[in-house]
Amino acid sequence: MAAFYRKVLSREEIILNINLLYRAVLILLIAWYVSACAVHYLSLRSLWNDELAVFDSIRFLNPSELFLRPLLTDQAFPHFYLFMIQFLAKPFGNYSLSLRFFPFVCMLTAFGVWLSIARRELKNSSEYLTFILCWTASVPLIYYSAELKQYSMDVLVSGLFVWFLYEQDKLRLGGGRKYVGTLALLPLSVLFSYPAYFFLFFPLWNLCLELKSDKAQWKYILVYLSSVFICVALSYQFDIRLRPMESVANGFNDYFIAMSSFKDFLQTFGEGVNNLFSRWFVELPKVFRKLARFFMFFGLIYMFVGFFKNIHKSKWKLYSISTVALVVFFELAVAGASQKYPFGVPRTALFLCPMLLILTVQGIRQLKTLNPYVYFAVHGSFVVYLCVVAIGILRIVLTQPLIAIPTIWSL
């Protein structure tokens with residue numbers, strides 16, 4: 001009997017040690033990403049071409065002009081968000097840290113929001129850690145945390161919408177001011193992020209589905225639609241209407257989906273999809289991008305499989321990554337085909353990146369059902385790949401300013 005209890009205690013000790021190891025790795029990876037972003041932010045690198053183009057509007061336009069005329073140097077930047085940056089930076093003499101402060105805060109906040117979302121989707125501890133490791137190995141997710149552009153805000157806004165979709169039923173059942181207030185505030189995001197338009201439809205869709213069983217949902221629908229109408233009107237009047245669409249179209253000419261012929265459609269659509277599923281880690285040396293394409297292919301497949309697997313279970317509600325990602329992907333494709341929004345540009349599609357990373361981890365997980373050994377081989381290889389890339393990025397961050405397309409290793 002004593003031997004039996006000793007065996008039980010040893011098992012408990014093993015479980016405790018595993019839990020302690022998991023927490024240690026979790027803290028390490030979170031600290032790794034935050035530290036990489038912080039060092040990048042504090043590097044005080046000079047503003048470069050794109051940032052200087054945005055800076056012209058901050059420097060030469062007064063606050064009222066930001067809302068009454070197009071931005072200088074043909075820039076497309078959410079005017080309300082740019083006003084916030086100008087408001088903070090001018091008292092500090094437009095110091096680089098003040099100019100990049102909001103992008104930095106937005107990305108770190110987005111990181112926390114997406115960790116919460118991933119925890120709902122990735123119950124397995126090793127898979128959750130893999131998702132966090134993806135952030136440490138992603139040049140775009142680190143670089144745009146300290147860049148005078150709007151892309152970190154896009155990541156935050158997409159995370160807030162997805163988080164709300166997970167919570168929508170719970171908030172609806174709770175009712176009251178909290179739910180009404182959240183519905184009223186969500187559309188404000190279009191004033192600060194253009195990709196927010198891709199997500200406006202989801203809460204309304206879920207509300208309309210609830211009408212079948214609860215006619216009282218009309219009041220929430222009216223609240224949400226009223227807020228959407230007001231916010232979109234403000235966005236159009238003081239932002240969208242002033243965008244230099246012709247110059248934007250020319251600037252992203254290679255990243256729209258061509259509809260001139262079926263051949264051109266396949267070529268441009270294929271190139272866009274390839275960019276969306278291969279450029280989230282590092283691009284140079286090219287072998288790393290090719291390896292990323294292999295691993296992210298599982299995310300591409302699961303984007304379709306996960307949708308059709310879960311849409312019936314959710315009774316056609318769109319409330320999780322599995323059901324939302326495919327719809328956003330097609331929205332982005334339609335916008336690219338109509339030349340309203342570039343398709344397949346990593347920075348303008350950065351808001352989609354965390355979803356695709358979660359889908360990739362989920363897609364690799366599906367290999368378990370086919371062959372556990374294949375799953376461990378692919379998952380293990382993915383982890384090794386991420387570790388190598390993350391170390392390469394950290395080495396650059398600690399020794400020199402990080403650029404958008406760095407070469408992490410000399411091969």
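This report describes helices, the nonpolar core, salt bridges and backbone features of a predicted model.

## Helix α6 and the nonpolar core

Helix α6 covers residues 101-121, and its 21 residues should span 30 Å at 1.5 Å a residue; the end C-alpha atoms are 31 Å apart, which agrees with that expectation. The buried residues of this helix are P103, F104, C106, M107, A110, F111, V113, W114, L115, I117, A118 and E121, a list in which W114 deserves separate attention below.

The largest nonpolar core of the model has 134 residues, and those with the most contacts inside it are W114, F131, W135, F199, F281 and I321. Helix α9 (residues 151-174) supplies the largest share of this core, with 11 residues. When neighbours within four places in sequence are left aside, W114 is in contact with F131, W135, V155, S158, G159, V162, I321, F351, P354, M355 and I358.

## Salt bridges

A search of the whole structure finds 13 salt bridges. One of them is formed by the side chains of E147 and R45, with an N to O distance of 2.9 Å. E147 lies in the loop between α8 (139-143) and α9, whereas R45 lies in the loop between α1 (2-41) and α2 (49-60), so the pair ties together parts that are 102 residues apart in sequence. Both E147 and R45 are buried.

Within helix α9, the side chains of K170 and E167 meet in a salt bridge at 3.6 Å, N to O, and these two residues are 3 residues apart, about one turn of the helix. The two partners are not alike in accessibility: K170 is exposed, with a relative accessible area of 57%, while E167 is buried, with a relative accessible area of 9%.

The side chains of D169 and R172 likewise meet in a salt bridge, at 3.6 Å from N to O, and both residues lie in helix α9, 3 residues apart, about one turn of the helix. D169 counts as partly exposed at 30% relative accessibility, whereas R172 counts as buried at 14%. Elsewhere, salt bridges that share partners join R45, E51, R100 and E147 into one network.

## A nonpolar surface patch

On the surface, L44, F92 and Y95 form a nonpolar patch, and together these residues have about 330 Å² of accessible area. Y95 is found in the loop between α4 (79-89) and α5 (96-99), and with a relative accessibility of 43% this tyrosine counts as partly exposed.

## Backbone features in loops

L284 and P285 are joined by a cis peptide bond, for which omega is about -5°. P285 is placed in the loop between α14 (262-276) and α15 (286-310).

Positive phi values are also found in residues other than glycine, as T73 shows with a phi of about 55°. T73 is placed in the loop between α3 (63-66) and α4, and this threonine is partly exposed, with a relative accessible area of 41%. W316 is a further case, with a positive phi near 70° in a residue other than glycine; W316 lies in the loop between α15 and α16 (321-337) and counts as partly exposed at 44% relative accessibility.

Conventions. Residues numbered from 1 in each chain as written. Predicted model: local features only at pLDDT ≥ 70, side-chain atom pairs only at ≥ 80, totals over all residues. Heavy atoms only, no water. Helix = DSSP H or I, 4+ residues; strand = E, 2+ residues; numbered from the N terminus. Expected span 1.5 Å × (residues − 1). Buried < 20%, exposed > 50% of the residue type's maximum accessible area, 1.4 Å probe, protein only. Core = buried A, V, L, I, M, F, W, Y, C linked by side-chain atoms within 4.5 Å. Contact = heavy atoms within 4.5 Å. Patch = residues over 30% accessible without salt bridge, like charges linked within 9 Å, V, L, I, M, F, W, Y side chains within 5 Å. Areas by Shrake-Rupley, 256 points an atom, 1.4 Å probe, with all protein chains shown as cover. Salt bridge = Lys/Arg side-chain N within 4 Å of Asp/Glu carboxyl O.
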